[in-house]
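Me: I'm new to this structure and would love a close look at one part of it. Could you walk me through the place where the ligand sits?

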Amino acid sequence: MNISERSTTHAAGTPLLLASLRAYLNALQESGLDGIPVSMAGALSAGAAEAAPPAASAAEAELGPESRQPETLEKIRQELGNCQRCGLAKSRKNLVFGAGNPRARLVFVGEGPGADEDLKGEPFVGEVGQVLNRIIAAMELKREDVYLCSVVKCCLPGNRDPETDETAACSPFLQRQIRSIQPEVIVALGSFTADTLLGTREPVAKLRGKFRDYHGIPLMATHHPSLLLRRQKEGNLESFWEVWDDMTQVLRLLKLPVPEKSRKK
Ligand code: URA
């Protein structure tokens, strides 16, 4: 399977579904997940309200489950409109919704756009974006293969973390973006992003290196490229290698080739 091919096992019969579920759990185990978190176990059971797809409308029910489509990114973007839901609206030039493949197998989530992204209305286009581009290229992927977005969609003055009310106003749209894309893996960049998605308060140093569960989707937390940039300027490449270790796990889970990289002594 390559990065643009997606599994269609949901259309198969029960034995195939069970086999693919077993393979998926094996792959998760090989990648370092040492158990199914309670939330994920819940997501796999019939009573999982949060992870369950939205209830079918009467028309969908008539047409059968095959007609039930996730909402499109266009619809979510339309609903955001000229968003005024929090104070960030006043200072932004452009809302930065997200970019990339709407059917991506892999989604990268950042904290929020900086000044360059604000100017262009596109995620990860500044100096920090160049670092992320290098990571994506090192994985032998292209930006167009994956999807890039952030917890908040408007520029954060001084690159500060989003405030609680800003996250509360914006993160439901991120959740809907992820539900629309249905990626196989999420990479959460930085502690703020990982904690927002996982509902934790842990530093990325503690969360990284192991897949976590986001509503049944394996999530790898890793260092934010802005930290890599700072460390690089200090001549310290250790965090780069930690990110690379995380990305090799992501590639393995996606059953994609893992390029050889060797640390210079
Ligand atoms: N940091 C983010 O989290 N998102 C961007 O788009 C740019 C920098």
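Reply: Happy to help; here is a short tour of the ligand and its surroundings. Keep in mind that this is a predicted model.

Let's start with the location: the ligand sits in the second largest pocket. Around the ligand you will find G110, E111, G112, P113, E117, P123, F124, S150 and H224. Sorted by class, this shell has 3 nonpolar, 4 polar and 2 charged residues.

Now for the polar contacts, beginning with the backbone. G112 places a backbone N or O atom 3.0 Å from an oxygen atom of the ligand. F124 also takes part through its backbone, with an N or O atom 2.9 Å from an oxygen atom of the ligand. With S150 we turn to a side chain: an N or O atom there is 3.1 Å from a nitrogen atom of the ligand. As for cover, the ligand on its own has 240 Å² of accessible area, and the protein covers 95% of that.

While you have the model open, you may also like to look at the rings. The count of aromatic pairs, taken with ring centres within 6.5 Å, comes to 0. There is, however, a charge over a ring to find: the charged end of K261 sits over the ring of W244, 5.5 Å from the ring's centre.

To trace the ligand's contacts yourself, go from G112 to F124 and then to the side chain of S150.

Technical notes
Residues are numbered from 1 along each chain as its sequence is written. This is a predicted model: local features need pLDDT of at least 70, side-chain atom pairs count only at pLDDT 80 or more; totals for chains, interfaces and linings use all residues. Side-chain values use heavy atoms; hydrogens and water are left out. A residue is near a molecule or strand if one of its heavy atoms lies within 4 Å of it. A polar contact is a pair of N or O atoms within 3.5 Å; within protein, one must be able to donate a hydrogen and the other to accept it, and residues adjacent in sequence count only if both atoms are side-chain atoms. Accessible areas come from the Shrake-Rupley method with a 1.4 Å probe; for residues, only the protein chains shown count as cover. On a 1 Å grid over the protein atoms alone, a cavity is a set of points where a 1.4 Å probe fits but cannot get out, and a pocket is an open set with protein on both sides within 12 Å along at least five of seven lines; lining residues have an atom within 4 Å of a point. A molecule sits in a cavity or pocket if more than half of its atoms lie within 2 Å of its grid points. Ala, Val, Leu, Ile, Met, Phe, Trp, Tyr, Cys and Pro count as nonpolar, Asp, Glu, Lys and Arg as charged, and the others, Gly among them, as polar. Rings of Phe, Tyr and Trp (its six-membered ring) pair if their centres lie within 6.5 Å; planes under 30 degrees apart count as stacked, over 60 as edge-to-face and the rest as tilted. A charge sits over a ring if NZ of Lys or CZ of Arg is within 6 Å of the ring centre and within 35 degrees of the ring normal.
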